[in-house]
Amino acid sequence: MDKTWEVDETNTVKARFGGFGKKVVTVNGKEVYNSRKLGPKGEIPFSLPDGRAAAIAVKSGFVGSPAIDLRIGSDLMVETGKTPIKCASCGAVAKPYDRFCAKCGNAMPTAQDYSNRKHVKSATGAITALAVLFLIAGIVMFFAAKGNAEPVLAKLQGMDAGSMYPTPIQGRTYSVGELRKQIVWETWSVLVVNLIMASIMLGLSIWARRSPLPAVLIATATYAVVIVAGAISNPASFGQGVFLKIIIIAFLAKGIKAALALRTASA
């Protein structure tokens, strides 16, 4: 993993994280750190040629790749990405250290803004993943329910639709015709409900690109309701896929926090 920060016109910091935990930091092409260990706070401290104190912090999160940040003094630096940074107002190319656009004077996003946007993007990706999971689950559960229903429907096929089925089901007595319709509906309802949930999540993931905070909040609340409803109807389902559920909720929670920060910054 390689990271690059253009601190200003004369200073460029690069960090390389290699195999077996090796970490190499260079400033303007000169090596200033080479070790497998981090400082007591998970930091790599060093100094710029002009004497300013700097530190690269490596923070391992519960989910996702570690967060790697560079601070010069107390200022968080914007990482130099693979694509040029452009002004949102005029589209002019800017440097990572530019506070304002050189062409139109518009304020450029801070390093914290970029970090928050990354978390919002991850949350949006989690919502999209939920849409895909609901779609796949609906299809799998539909074919499973259909396979279980076919032998029962085959037995009911030879019976008079108007006659009463001899055995009550969950305390209710059905006619043969009603029971057929109930079984068919329950088979298709699994697919219909999951397709509706997939559509909702897909719509929220699209909406999150324009209004991240309300979209991620609604997605989180909806997913929580689905988990609770599933646990009430089938307590055994609560523990199924629990690790995946925790990961998705963690991404959504980070997205909410980041979206709130972005809204506060733009207020």
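Me: Okay, looking at helix α2, how many residues does it have and how far does it reach from its first C-alpha to its last?
Reply: This is a predicted model, by the way. In it, α2 covers residues 176–207, which is 32 residues, and reaches 46 Å from the first C-alpha to the last. That is close to the 46 Å expected at 1.5 Å a residue.

Me: Where is the kink in α2 centred?
Reply: On Trp 188, where α2 has a kink of about 30 degrees.

Me: Switching topic. How many salt bridges does the count come to?
Reply: The count comes to five salt bridges. In general, side chains of opposite charge can pair when their charged atoms come close.

Me: Which side chain does Asp 2 meet in a salt bridge?
Reply: Asp 2 meets the side chain of Arg 16, at 3.1 Å from N to O. Asp 2 sits in strand β1 (residues 2–6) and Arg 16 in strand β2 (residues 12–17), so this pair ties together parts 14 residues apart in sequence.

Me: And is Arg 16 buried or exposed?
Reply: Arg 16 counts as exposed, because its relative accessibility is 52% and the cut-off for exposed is over 50%. Its partner Asp 2 is at 48%, so Asp 2 counts as partly exposed.

Me: What about Lys 3, which side chain does that one meet in a salt bridge?
Reply: That would be Glu 79, with 3.5 Å from N to O. The pair links distant parts of the chain, 76 residues apart: Lys 3 is in strand β1, while Glu 79 is in the loop between β8 (75–76) and β9 (85–86).

Me: Is Lys 3 buried or exposed?
Reply: Lys 3 is buried, because its relative accessible area is 14% and buried means under 20%. Glu 79, on the other side of the pair, counts as partly exposed at 33% relative accessibility.

Me: Which residues are linked in a network of salt bridges?
Reply: Asp 8, Asp 50 and Arg 52 are linked that way. Within it, the side chains of Arg 52 and Asp 50 meet at 2.9 Å, N to O. Arg 52 counts as partly exposed, with 32% relative accessibility.

Me: Now for pockets. How much space lies in the largest pocket?
Reply: About 1500 Å³. It is lined by 47 residues, and the closest to its centre are Asp 69, Tyr 114, Ser 115, Asn 116 and Lys 118.

Me: Which element gives the most to that lining?
Reply: α1 does, with ten residues. The elements that each supply at least two residues are β1, β6 (53–59), β7 (67–72), β9, α1 (111–157) and α4 (242–266).

Me: What's the lining of the largest pocket like by class?
Reply: It has 22 nonpolar, twelve polar and 13 charged residues.

Me: And what volume does the second largest pocket have?
Reply: About 840 Å³. Of the 24 residues lining that pocket, Phe 134, Met 141, Asn 194, Val 226 and Gly 230 are the closest to its centre.

Me: Where does the largest share of its lining come from?
Reply: From α3, which provides seven residues. Helices α1, α2, α3 (212–233) and α4 each supply at least two residues there, so the α2 we began with turns up again.

Me: How many charged residues are in the lining of the second largest pocket?
Reply: Just one charged residue, alongside 15 nonpolar and eight polar ones.

Terms used:
Residues are numbered from 1 along each chain as its sequence is written. This is a predicted model: local features need pLDDT of at least 70, side-chain atom pairs count only at pLDDT 80 or more; totals for chains, interfaces and linings use all residues. Side-chain values use heavy atoms; hydrogens and water are left out. Helices (H or I, at least four residues) and strands (E, at least two) are DSSP runs, numbered from the N terminus. The expected span of a helix is 1.5 Å times one less than its number of residues. The bend at a residue is the angle between axes fitted to the seven residues ending there and the seven starting there. A salt bridge is a side-chain nitrogen of Lys or Arg within 4 Å of a carboxyl oxygen of Asp or Glu. Buried means under 20% relative accessible area, exposed over 50%, partly exposed in between (1.4 Å probe, protein chains only). On a 1 Å grid over the protein atoms alone, a cavity is a set of points where a 1.4 Å probe fits but cannot get out, and a pocket is an open set with protein on both sides within 12 Å along at least five of seven lines; lining residues have an atom within 4 Å of a point. Grid points are joined across faces, edges and corners, and a volume is the space filled by probe spheres set on the points. Ala, Val, Leu, Ile, Met, Phe, Trp, Tyr, Cys and Pro count as nonpolar, Asp, Glu, Lys and Arg as charged, and the others, Gly among them, as polar.
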